[in-house]
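Work through the exercises below with the sequence and the model open. Each task is followed by a stepwise solution.

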Amino acid sequence: MKAAIFIVSIVSTIMAKPQYGVPPPPSYGYYEPQPIEAAQHTPAESKYGSVPVPSKPQDTPVQAPPAPAYTQPEVVVQPIVSGPQEDHPGMPYDFDWSVSDDDSQNLYSHKESSDGIITRGSWQVLLPDGRTQITTFEADKDGYRPVITYQ
């Protein structure tokens, strides 16, 4: 019984007609290009009559339009008015934080302090290769000076 159903389904699949007017898939074989016929130049038709299409370029040169004339814009600069400039000293501060997660083996920390003039601090991070990068720094009006070490 199962064999008969199988044979009937195979035969019906082979004999089935395409449905819904779908054309067969295109052939991907060699395509011979067709020659292109030369275009015929005919006068264009419009409601005002025919306009002849020139067959060769005109002998008279075409004049370019004159360059536009620009004037220099007037620039008005208003002075910035501000109050007296006061040199405020920096605010002293001190902070630190750290993360030590044994499950993910992450170790991060940051410690920084400032007296208002010089800022000192350090941070450390566990690198993917297992080393710990420790950056110790000092910063003041002359710039930022880090010292990087690895353990």
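**Exercise 1. Salt bridges**

Find how many salt bridges the whole structure holds, and describe individual pairs.

Solution.
Step 1. Apply the criterion: a salt bridge is a side-chain nitrogen of Lys or Arg within 4 Å of a carboxyl oxygen of Asp or Glu. The search of the whole structure returns 5 salt bridges. The model is a predicted one, in which local features need pLDDT of at least 70 and side-chain atom pairs count only at pLDDT 80 or more, while totals for chains, interfaces and linings use all residues. Residues are numbered from 1 along each chain as its sequence is written, and side-chain values use heavy atoms, with hydrogens and water left out.

Step 2. Take single pairs. Asp129 bridges to Arg131, with 2.8 Å between the closest N and O atoms. Glu138 and Arg145 form a salt bridge at 3.2 Å, N to O. Lys141 and Asp142 form one at 4.0 Å, N to O.

Step 3. Look for linked bridges. Arg120, Glu138, Asp140 and Arg145 belong to a network of salt bridges.

**Exercise 2. Accessibility of the charged partners**

Decide whether Lys141 is buried or exposed, and do likewise for Asp142, Arg145, Glu138 and Arg131.

Solution.
Step 1. Set the classes: buried is under 20% relative accessible area, exposed is over 50%, and partly exposed lies in between (1.4 Å probe, protein chains only).

Step 2. Sort the residues. Lys141 is exposed because its relative accessibility is 79%. Asp142 has 63% and is therefore exposed. Arg145, at 35%, counts as partly exposed. Glu138 is partly exposed at 28%, and Arg131 is partly exposed at 36%.

Step 3. Set this against the whole protein: buried residues make up 9% of its 151 residues.

**Exercise 3. The strands around E4**

Describe how strand E4 is paired, and in what order the strands of its sheet run.

Solution.
Step 1. List the elements. Helices (H or I, at least four residues) and strands (E, at least two) are DSSP runs, numbered from the N terminus. The protein has 1 helix and 7 strands, in the sequence pattern α-β-β-β-β-β-β-β.

Step 2. Pair E4 with E3. Two strands pair if DSSP finds at least two bridges between them. E3 (residues 93–101) runs antiparallel to E4, with 9 bridges; Asp101 is opposite Asn106 of E4. The two strands make a hairpin with 4 residues between them, and Gln105 in the turn has a positive phi of about 60 degrees.

Step 3. Pair E4 with E5. E5 (residues 119–126) is joined to E4 by 7 bridges, again in the antiparallel sense, and Ser109 is opposite Gln124 of E5. E4 and E5 also form a hairpin with 4 residues between them; here Gly116 in the turn has a positive phi of about 100 degrees.

Step 4. Assemble the sheet. It is an open sheet of 5 strands in the order E3-E4-E5-E6-E7, with antiparallel pairing. E3 and E7 (143–150) are the edge strands, each pairing on one side only.

**Exercise 4. Glu112 in E4**

Which side chain of opposite charge is nearest to Glu112, and how far away is it?

Solution.
Step 1. Place the residue. Glu112 lies in strand E4 (residues 106–114), and its bridge partner in E5 is Gly121.

Step 2. Check the charges. Lys and Arg count as positive, Asp and Glu as negative; His and the chain ends are not counted. Glu112 is buried and has no salt bridge; Arg120 is the nearest side chain of opposite charge, 12 Å away.

Step 3. Check polar contacts (N or O atom pairs within 3.5 Å; within protein, one atom must be able to donate a hydrogen and the other to accept it, and residues adjacent in sequence count only if both atoms are side-chain atoms). The Glu112 side chain makes one with the side chain of Tyr93 at 2.5 Å and one with that of His110 at 3.2 Å.

Step 4. List contacts, meaning heavy atoms within 4.5 Å. Beyond its neighbours within four places in sequence, Glu112 touches residues including Tyr93, Phe95, Thr119 and Phe137.

**Exercise 5. Ser114 in E4**

What does the side chain of Ser114 reach?

Solution.
Step 1. Ser114 is in strand E4 and is buried, because its relative accessible area is 11%.

Step 2. Its side chain reaches the backbone nitrogen of Gly116 at 3.0 Å.

Step 3. Outside its neighbours within four places in sequence, Ser114 is in contact with Met91, Pro92, Tyr93 and Thr119.
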